[in-house]
Each structure stands twice: as C-alpha cells, then as structure tokens.
Amino acid sequence: FGSSGRCSKPSWSPVHLGKMAKSKNHTAHNQSKKNHRNGIHRTRRPLRPSKKGQDQKMVRNAKFALKGALAKRGGDEAWEKYVEKRDA
C-alpha cells in the first residue's frame with residue numbers, strides 16, 4: 001500500500017486512499033428524544049456511604065456505637081440484652 005515508493009504522498013494521505021475527508025464529526029440529533037422516552041431521573045443514592053478508605057479504628061467504633069444506639073432505642077429489654085451480650 002504505502003511501501004511501493006512510486007507515490008510521493010504518504011500512505012495515510014486522503015488523496016492516496018481515494019476518500020473524501022469527513023465533514024461531520026458529531027451530532028446530538030434524536031438524543032434528547034431518546035433520553036426523555038423513559039424520563040430523565042436523578043441518579044440513585046447508595047443506601048449507605050462507603051467506608052472504604054476511612055480510618056479502620058473509627059469505622060469499628062462507629063459500628064459498635066450504632067449497635068448500642070439501636071439497642072437503647074429499642075427499650076429497656078433490648079438494652080439489657082445488649083449489655084449482657086456486650087459484657088459477656
């Protein structure tokens with residue numbers, strides 16, 4: 001293709017390939033209609049934010065604190081059960 005040496009143009013030249021240059025590189029035609037067919041929604045938020053990359057000592061403490069807070073909110077019976085399990 002480009003190694004014969006007879007053509008003075010480089011092998012990647014559009015004249016050598018016999019093709020016209022592209023005139024249209026991008027269009028947004030019909031994209032808005034396609035997007036609105038199912039409705040444009042906000043992105044779904046995760047149920048809980050990721051703890052990845054956070055200090056592990058803090059993550060563990062937050063986990064135990066949450067368990068204690070849930071037991072406290074559950075009433076006296078739940079709190080007593082939590083305390084017995086925690087101190088065992």
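**View 1. Meet K63, a residue of helix α3.** K63 sits in helix α3, and this is a predicted model. How much of K63 is open to the outside? Its relative accessibility is 43%, so K63 counts as partly exposed. K63 also has companions: together with R60, K67, K81 and K85, K63 forms a positive surface patch.

**View 2. Two helices share the positive patch.** Here we follow the patch from helix to helix. Both α3, which runs over residues 56-73, and α4, which runs over 76-87, supply at least two residues each. Which helix gives the most? That is α3, with three residues. As you look around this view, try to find R60, K63, K67, K81 and K85, the residues that make up the patch.

**View 3. A salt bridge joins D87 and R86.** How many salt bridges does a search of the whole structure find? The search finds one. In this salt bridge the side chains of R86 and D87 meet, with 3.2 Å from N to O. Now compare how open the two partners are. D87 has a relative accessible area of 53%, and because exposed means over 50%, D87 belongs in that class. R86 has 45% relative accessibility and so counts as partly exposed.

**View 4. W79 and Y82 bring their rings together as an aromatic pair.** A search of the whole structure finds one aromatic pair. It is made by W79 and Y82, and the pair is tilted, with 5.4 Å centre to centre and 35 degrees between the planes. If those two values look unfamiliar, here is a handy tip: a pair of aromatic rings is described by the distance of the centres and the angle of the planes. Why are W79 and Y82 separated by about one helical turn? Because they are three residues apart in helix α4. W79 has a relative accessible area of 24%, so W79 is partly exposed.

**View 5. N30 has a positive phi.** Where do we find N30? N30 lies in the loop between α1 (14-17) and α2 (31-37). Phi of N30 is near 75 degrees, a positive value in a residue that is not glycine. To see why this catches the eye, remember that most residues other than glycine have a negative phi. N30 is partly exposed, as its relative accessible area is 36%.

**View 6. Stepping back, the protein contains four helices and zero strands.** Along the sequence, the pattern reads α-α-α-α. What share of the 88 residues counts as buried? The answer is 7%. The protein exposes about 9,400 Å², and carbon and sulfur atoms supply 52% of that area.

Definitions and conventions:
Residues are numbered from 1 along each chain as its sequence is written. This is a predicted model: local features need pLDDT of at least 70, side-chain atom pairs count only at pLDDT 80 or more; totals for chains, interfaces and linings use all residues. Side-chain values use heavy atoms; hydrogens and water are left out. Patches are made of residues with over 30% relative accessible area and no salt bridge: like charges are joined within 9 Å, nonpolar side chains (Val, Leu, Ile, Met, Phe, Trp, Tyr) within 5 Å. Accessible areas come from the Shrake-Rupley method with a 1.4 Å probe; for residues, only the protein chains shown count as cover. A salt bridge is a side-chain nitrogen of Lys or Arg within 4 Å of a carboxyl oxygen of Asp or Glu. Lys and Arg count as positive and Asp and Glu as negative; His and the chain ends are not counted. The place of a charge is taken as NZ of Lys, CZ of Arg, CG of Asp or CD of Glu. Buried means under 20% relative accessible area, exposed over 50%, partly exposed in between (1.4 Å probe, protein chains only). Rings of Phe, Tyr and Trp (its six-membered ring) pair if their centres lie within 6.5 Å; planes under 30 degrees apart count as stacked, over 60 as edge-to-face and the rest as tilted.
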